[in-house]
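I opened a fresh notebook page for this one. Come along and keep the view turned towards you as I go from entry to entry.

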Amino acid sequence: MTTLFISDLHLDEGRPAITQAFYDFLEQRAYNADELYILGDFFEAWIGDDDDASFAAEVKAQLKKLTDNDTQLFIMGGNRDFLLGKDFATQVGGISLEDPTVIDLYGERVLLMHGDSLCTHDLEYMQFRAQARSEPFQAMMLSKSLDERRAIAADLRQKSKSMNSLKAEDIMDVTPEEVIKAMDEAQVHVMVHGHTHRPAHHTLDLPEEERGERIVLGDWGENIWWIEASAETALSLNKAPITD
Ligand code: MN
């Protein structure tokens, strides 16, 4: 009985070694797990669940194979793939998660987030986030043809080269007070998120002299990163090098 968490793979047709590392991860680890949670930025960009490109179809087929084999799959969107939605989850036999979500992990309440909502000091990004996550904006985007959306995605990619907050190396870290606030509101002692590309296992002081844990997933690049938990073992952050 194990549960796995991953995020920030930034899957992209142009990075085949990462895609292969993900398929290997499914084969070597996820097939033996009860549950796999994907906590955002699974894709580098996502133009909508109706994307008919072969790359999208290939990744979906791999996820469907996993869920057909009885691993439960939960998927949350991130800031890069904010249009990843319920249809995608349904197509691959998984369940779409809201950001944030609290789960019961072997008796422990655990708060799951992508993590971008915690980076409140990045005002430029918070503005972008508010727009990207709004229903009218998403509906407007999805009303466009796939070709139009592909053009917009390419354009955004150009623009993000000048918009610092979308560049991995310039993502700001979480605001510590925001972490405490989110954990207090959710009434949890454990939080798991990604986004910041600063993988670490933090312990922290919560109100009323309680101790908390914040475990941050890493982005897939030189290494793959995952968190593993079971009824017998505490949550652990793991990495393995990508070899190609
Ligand atoms: Mn992110």
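**Entry 1: a helix residue and its contacts.** Before listing neighbours I set my rule: contact means heavy atoms within 4.5 Å. I was working with a predicted model, so I kept that in mind throughout. I started at Met-126, which lies in helix H4, residues 123–132. Leaving out residues up to four places away in sequence, I found that Met-126 touches Asp-116, Ser-117, Cys-119 and Thr-120. Its relative accessibility is 23%, so I noted Met-126 as partly exposed. I also checked a long distance: the C-alpha atoms of Met-126 and Glu-232 are separated by 39 Å, with their positions 106 residues apart along the chain.

**Entry 2: the metal.** Which residues coordinate the manganese ion? I found Asp-41 through OD, Asn-79 through OD1, His-114 through NE2 and His-195 through ND1, at 2.0 to 2.3 Å. Written along the sequence, the spacing of these donor residues is D-x37-N-x34-H-x80-H. I then placed two of the donors: Asp-41 sits in the loop between strand S2 (35–39) and helix H2 (54–68), and His-195 in the loop between strand S7 (190–193) and strand S8 (200–206), so this pair ties together parts that are 154 residues apart in sequence. Are Asp-41 and His-195 buried or exposed? I found both of them buried.

**Entry 3: the open sheet.** Next I traced an open sheet of six strands, in the order S4-S3-S2-S1-S10-S11, and its pairing is mixed. Strand S4 (95–96) and strand S11 (236–241) are at the edges with a single partner strand each, so one side of each has no neighbour in the sheet. I looked at one of the pairings: S10 (residues 223–230) and S11 run antiparallel and are joined by six bridges. There, Ile-224 stands opposite Ala-240 in S11.

**Entry 4: S5, S6 and S7.** Strand S5 (residues 101–105) pairs with strand S6 (residues 108–112) in the antiparallel sense, over five bridges. Asp-104 faces Arg-109 of S6 as its opposite residue. The hairpin of S5 and S6 has two residues between the strands, and there Tyr-106 takes a positive phi near 50°. On to the next pair: S6 and S7 run parallel, with three bridges. Val-110 stands opposite Val-190 in S7.

**Entry 5: a cavity.** How many cavities of 30 Å³ or more does a search of the whole structure find? I counted two, and I looked into the second largest, which holds about 40 Å³ of space. Its lining includes Ile-75, Met-76, Leu-84 and Phe-88. Strand S3 (72–76) and helix H3 (86–91) each give at least two residues to this lining. By type, the lining residues are five nonpolar, three polar and no charged.

**Entry 6: backbone details.** I ended with some backbone angles. Asp-99 and Pro-100 are joined by a cis peptide bond, with omega at about 5°, and Pro-100 is in the loop between S4 and S5. His-197, not a glycine, has a positive phi of about 60°; it belongs to the loop between S7 and S8. With a relative accessible area of 18%, His-197 is buried. Glu-209, also not a glycine, has a positive phi of about 55°, in the loop between S8 and strand S9 (210–216). At 80% relative accessibility, Glu-209 counts as exposed.

Methods. Residues are numbered from 1 along each chain as its sequence is written. This is a predicted model: local features need pLDDT of at least 70, side-chain atom pairs count only at pLDDT 80 or more; totals for chains, interfaces and linings use all residues. Side-chain values use heavy atoms; hydrogens and water are left out. Donors are N, O and S atoms within 2.8 Å of the metal (3.2 Å for Na, K and Ca); water is not among the atoms, so sites may look incomplete. Helices (H or I, at least four residues) and strands (E, at least two) are DSSP runs, numbered from the N terminus. Buried means under 20% relative accessible area, exposed over 50%, partly exposed in between (1.4 Å probe, protein chains only). Two strands pair if DSSP finds at least two bridges between them. On a 1 Å grid over the protein atoms alone, a cavity is a set of points where a 1.4 Å probe fits but cannot get out, and a pocket is an open set with protein on both sides within 12 Å along at least five of seven lines; lining residues have an atom within 4 Å of a point. Grid points are joined across faces, edges and corners, and a volume is the space filled by probe spheres set on the points. Ala, Val, Leu, Ile, Met, Phe, Trp, Tyr, Cys and Pro count as nonpolar, Asp, Glu, Lys and Arg as charged, and the others, Gly among them, as polar.
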